[in-house]
Structure formats: C-alpha cells, structure tokens
Amino acid sequence: MAGNEWINGYLEAILDSGAAAIEEQKPMVDLRERGHFNPTKYFVEEVVTGVDETDLHRTWIKVVATRNARERSSRLENMCWRIWHLTRKKKQLEWEELQRLAKRRWERELVRKDATEDLAEDLSEGEKGDTVSELIHAETPRVSFHSNASSLELWSDDKKEKKLYIILISLHGLVRGENMELGRDSDTGGQVKYVVELSRALAKMPGVYRVDLFTRQVLSPEVDWSYGEPTEMLTTASEDADGNDVGESSGAYIIRIPFGPRDKYLHKELLWPYIQEFVDGALAHILNMSKVLGEQIGGGQPVWPYVIHGHYADAGDSAALLSGALNVPMVLTGHSLGRNKLEQLLKQGRQSKEDINSMYKIMRRIEAEELSLDVAELVITSTQQEIEEQWGLYDGFDVKLEKILRARARRGVNCHGRYMPRMVVIPPGMDFSSVVVQEDACEVDGELPTVIGGTDGSSPKAIPTIWSEVMRFLTNPHKPMILALSRPDPKKNITTLLKAFGECRPLRELANLTLIMGNRDDIDEMTGGNASVLITVLKLIDKYDLYGLVAYPKHHKQTDVPDIYRLAAKTKGVFINPALVEPFGLTLIEAAAHGLPMVATKNGGPVDIQRALNNGLLVDPHDQKAIADALLKLVSEKNLWHDCRRNGWKNIHLYSWPEHCRTYLTKVAACRMRHPQWKTDTPGDEVSAEVSSLNDSLKDVHDMSLRLSVDDKASLTGSLDPVASSS
C-alpha cells in the first residue's frame, strides 16, 4: 500500500483544494503552457502510466472496508475504481495494437514475397543477373515462380508466321515520314519523330504484317500540301527474309483521318471537341482494312488489330473508345502528363488554376488521361521516374497498390473490382544505320580544317549546308562546340544555359555555343512563349557581348540534325540538355551515337540514360555555376572527353529500335495471354467459337451510328463484346 500513498494524498488534495491550488504547483508549468489545466485529466494520465495495480487494489479494499461514514469517501472510492478500470483498459488496447502490428507485418511480408516473384516475371534473362538468384536462395520459392518466369517468352524470329496488324495513334502536330518540321511549334516535336520511327521499326519486326499510324489530315494553306494526303507509305516489304511474297498491304503507313475544320491547322488544345469525329473515321478505316487483310492473309476472315496504341492524352482518349468498340487491347504512352504540368505551372505562381485551364484545357486533358488509365492494359514509359512521380499523381494509378493487385491476380485472389494497368519502362529506340555510314565517310577524329579546306587555297571538300549556316556566326569555328538542340520553350531552360556561358570567361575563351531552336521566319509571328524565349536569347547575347561566340541559325531540316551532331563531335564539343524537367531525352541518345559527351539535367530521364551510357555529367538546371563548371570540365579535360565518348558508343546498343520493339511486342503478348478475351483471330493464333461470334457481331457495325462518346461507350461496348458480357 505504501507504493500508492501519493495517490491517496493527491486525490484528497484535488478534492479538498480544487484546481486553483494545483495550478500553482511547479510541475504543472508545461501543461499550463499548452492550454487550460485539467487536474483530473492530468491525474488520470499520470496514474494510468505509473500506478502499481497491486497497491491500487489494496487501496480500494481499504476504502471499501471503511464503514464509518465520516472516514469513508464515496468520491475517493469511485475515482479509485475508475483509475483501475482505465489501467486495465489501457493494457488491453496495447495488447490489441501489438496484435494489429504483428498481423500487418505478416501481410506486408506476404505482399513483399508476391511482389518479388512478380518482379522476377518482368525481368528479362539479361536483367535478372544476380538479383533474382539471390532472391531464390534467400527464400523458398513457390512452384509458380518458375512457371511465370519462363512463360514470359521474348519476341524472336520464330514469330514470323504471325501476321499482326498494329495501330498507333498520334493526333496533334504535323506528322509525315520525311523532312519532319520538328520545332515548328510546340505540337511538332520529339513525339512526332518517335511515333514515325516506331511505326517503321515495328513493321520490320518478324510477325508484324502492317502498322497504321493515325493522325489528323490538314488541308490548310498554312502548311505543306503533304499533310493533306490521306495515306503516306513509311516502309514496305514485298518479300520477307526468305524471299516469300508478303502481300501488297504490308508495311508501315501514315493514315490521315479528317476531323475538325478541314482548312485549319489546330493546336492540340483545340482538338478536344472533335475527338469523337476522329473515332468515327478511324473505325471506318479499321473495318475496311480488316476485310482487305482478311482476303490477303486471313483466309477470308477479317483480321482485327492486335493492339491499339495511343500517344498523348488526346490519342489515349480515342484509343480507349476504339478499344471498347473493337474488343482490342489498348496500350498508352503519355509522353507528358497533365497533372504534372498543372503542378509545375501552379508552383511558378504566374497563373491561377482557372487561367491555366483556359489556356491549356488542362482539366479536359486530365480527364482523358484518367479514362485512358481505366481502359489501358499496358502503359509504356521511358523512365521509372515517370511511373513513380508522374503517373503516381493520378486517381487511376497507385505504385504500391498496383504491385499488390498484380500479385493477387497472379495467385487467382479476388481483387474486389480494383484494376490498374501494367506499367513498363521501355526506353525509346534509335536508328543507328545512318550514323555508321556517315562516320565511315570522314574521319571522326580529323581536324575541322581537313574537312572544310586548308589555308593554302586548295578547294574545300564538300560540306553539309548546315555547317556553313552555323559557322557563319562564329569568329573561330574550330573551337569546341557546346550544342543545345530544342524548341525555344521556357521549360527547356535555354536562357539559363546562355547566362551560364556568358558569365564564365574561361568557358567563353575555350568554346563556342550553338543553339538550334527549331525553325522561324519572323519572331513576331511565333507563339507567346517561344517568342519570349527567343527575344530573351537575343538580349542576353547583346548583354554579354557574345557576338562571334554564339550561333543560332533560323532554319534547319530534320535531315540536317545528324550533320549538326557530327560538326560538334568534329570540334570535340559537348551536347547539353539543360531542361527544367526532361521526360526522357532522345536527343541525348542521338548525341551519344555521334560521339558527343553530354551534360544534362538531373531531373527526369537523363538520370537513367547516364546510368546506362556513363558518358557525361548531370547538373541542377537552376544552378548556372554548376552548368558552366560541368561544360568547362568536359571541354578542357580531353581524357575525360574521350572516356565519355567511348562509353557512349560502347553502350548505345541498349537504345536500338530492334531492342525496343522486341521488348514492346513481348509485353503486349504477355498482356494478351493474361486476358483470354483479347485472343481475337490474329493469323497464327487459335480461333475460339466465342471470338467467331465477336466477328459476326462486328459485321453489323457498318449499319449503326458510329458517333461515339464517353457516355455511350459502355452500351456500345456491351453490344459488341459478347465475350466480356458473358463473363
């Protein structure tokens, strides 16, 4: 009982003196600072955490045993009972919390094991290395581990008996196969080049018969007539590798679908009202082409698309509608994402959310991206950062939950209606054939004077026109060239690069700076953001007196780009991408293929590229001094420059188009195997009775209204998808 004597004394002090006396005690200063002092609450907290339950029971017995009304206090008796009850309750809650934590740890361990197995499924044989073998030794694997790992068969030449029809969609910008006007505006950039080269590369893969790239037909007098041609052939193969005739419709094609005002070239923000019109035209083309291909390779049965791949939000919205109408799996590549852009613009604080939405139609774009996520079977990204930091912002995707759902689906466990697409990282590819040919044409390490002619009056060798366009700006064109190639967009951060160059005297003395900023005729006719950047560039050149040190040609063709890289490499220069955030950085791959070391932003895709190629330095794009120091280091240290160039050439094969397409087709095939309803009658696949009924139902599509919308998509899908409705 002695251990609880202070309890009795404290209780009696509370009852006799009240709260006023207690508040004057020194130990209560901290509590008074937090707010109004409650003596009962303080007493309960102190007693519940420090009471001796045995002595409390003795005190209770003593109080109860007191029969003299004068000595007995019912209030003291009641408070002792309540303290005892609270103490027991606290212990019970602590025990229950320990049980919950133990259960949670056990569940996390199960999920971790499942995710480990699922990760092994996604890794190719070359990627597994020691990691998977360590996991196998560390844990007792389930039988399904081996079967899943082996079932992911890499796409190879033995797939050539298949005759696949693949559809790619890229709606905005000016798309054509030759002389692409990259940098003409913000809509005609790297995405245009990516989808055209992907179409060509896929058409060359074994088992792929035809690739159609859908885009918008533009008949405006503002643009070249070629953008109004309904069909453009990108590549064709009349014979396969064995010399067999493969059919007249094989190869890759650009299919231009008319939608929206025929005589106007519209920017992507203005295309949203016409998406359904595009879907009508695209669906009509697909139905017609499926019959043509059926006559050529399908034995009279229609050949439906193997996959529909949407690029960017507008094409993703369209692909979602086509996927539902045709019962064909959808693949999505975001390229850049609306939620991420909205977040970045709001951080700048220059525009309100309403202004941003009015200018960029950002909420409609986000809505389309959410719809695309709900429908897509596969989402292809360039980097892991894009998955975690950009797609992770969307309601339709959660990184951790996606791994859990994937593991549950593999084990046949109910996911309670939750669905998320599979996210895979497949870096863009590049065609290196032209690089090899051009490098054979002249010695890479040769001095520039040996190419453009000496000073003895001898006639110079024939040089590319773009070289003359660049060198006319430079007082000494033989100095190492720092090359930046991007459109004049504020987020490309060209002005910070120019400030870093202008304020670093050793760098100015050692190197020239070349800025390839798209094509322009008159700055006053350019869009606001691009015009602002160009005007700032001209002002900075004048401010730092960089005349003769900076080249900024007005025009260049797409075919000039390899020559620009070679000129920079010939002068032992450096390529730089200082963008605030770079989703991937295809120009970094191109520069490495031409022997140029790189300096690049540490935000986004360049991190993965540098990890793979190890051919340069990463910098904070906001730090002018860091940019200047990195450039100066590469330009001045020749041994480092040569090491970076050799590393780039040694590892560049990781970014070839055949490697990209092989991984692409492997992932698409795996997604089709997981869902039997996608197994339509592609030549080389087994045809089921259910699929035959699907083909019969699609024969009637010509007779129905094809004016699709988000609201009526579900009903149309239900009428065209007997397999899904019966499941």
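Two strands are taken as paired if DSSP finds at least two bridges between them. In the predicted model, this criterion is met by strand β5 and strand β6 (residues 330–333), which run parallel and are joined by four bridges. Within this pairing, Ile-308 stands opposite Met-330 of β6. Strand β1 (residues 164–169) likewise pairs with β5 in the parallel sense, again over four bridges, and here Ile-167 is the residue that stands opposite Ile-308 of β5. Ile-308 thus faces Ile-167 in the pairing with β1 and Met-330 in the pairing with β6.

Strand β5 spans residues 307–311 and is mostly covered, with five of its five residues buried. In a regular strand, side chains alternate between the two faces of the sheet. For β5, one side carries Val-307, His-309 and His-311, while the other carries Ile-308 and Gly-310; both faces are covered, and each of these residues is buried. Burial here denotes a relative accessible area under 20%.

A second set of parallel pairings involves β10 (512–516). Strand β9 (residues 481–485) and β10 are paired in the parallel sense over five bridges, and Leu-485 has Ile-516 as its bridge partner in β10. Strand β11 (residues 550–551) also pairs with β10 in the parallel sense, in this case over two bridges; Leu-513 stands opposite Val-550 of β11.

The cover of β10 was examined in the same terms. Five of the five residues of β10 are buried, and the strand is described as mostly covered. Asn-512, Thr-514 and Ile-516 lie on one side and Leu-513 and Leu-515 on the other, and both faces are covered. The bridge partner of Leu-485, Ile-516, is therefore buried, given the cut-off of under 20% relative accessible area, and belongs to the side that also holds Asn-512 and Thr-514.

Helix α20 (residues 494–502) is also mostly covered, seven of its nine residues being buried. The buried residues are Ile-494, Thr-496, Leu-497, Leu-498, Ala-500, Phe-501 and Gly-502.

The loop between β10 and α22 (528–543) contains Asp-522. With a relative accessibility of 34%, Asp-522 counts as partly exposed, because that class lies between the limits of 20% for buried and 50% for exposed residues. On the surface, Asp-522 gathers with Asp-521, Asp-524 and Glu-525 in a patch of negative charge. Membership of such a patch requires over 30% relative accessible area and no salt bridge, and the 34% computed for Asp-522 satisfies the first of these conditions.

Methods. Residues numbered from 1 in each chain as written. Predicted model: local features only at pLDDT ≥ 70, side-chain atom pairs only at ≥ 80, totals over all residues. Heavy atoms only, no water. Patch = residues over 30% accessible without salt bridge, like charges linked within 9 Å, V, L, I, M, F, W, Y side chains within 5 Å. Areas by Shrake-Rupley, 256 points an atom, 1.4 Å probe, with all protein chains shown as cover. Salt bridge = Lys/Arg side-chain N within 4 Å of Asp/Glu carboxyl O. Lys, Arg positive; Asp, Glu negative; His and termini not counted. Charge placed at Lys NZ, Arg CZ, Asp CG, Glu CD. Buried < 20%, exposed > 50% of the residue type's maximum accessible area, 1.4 Å probe, protein only.
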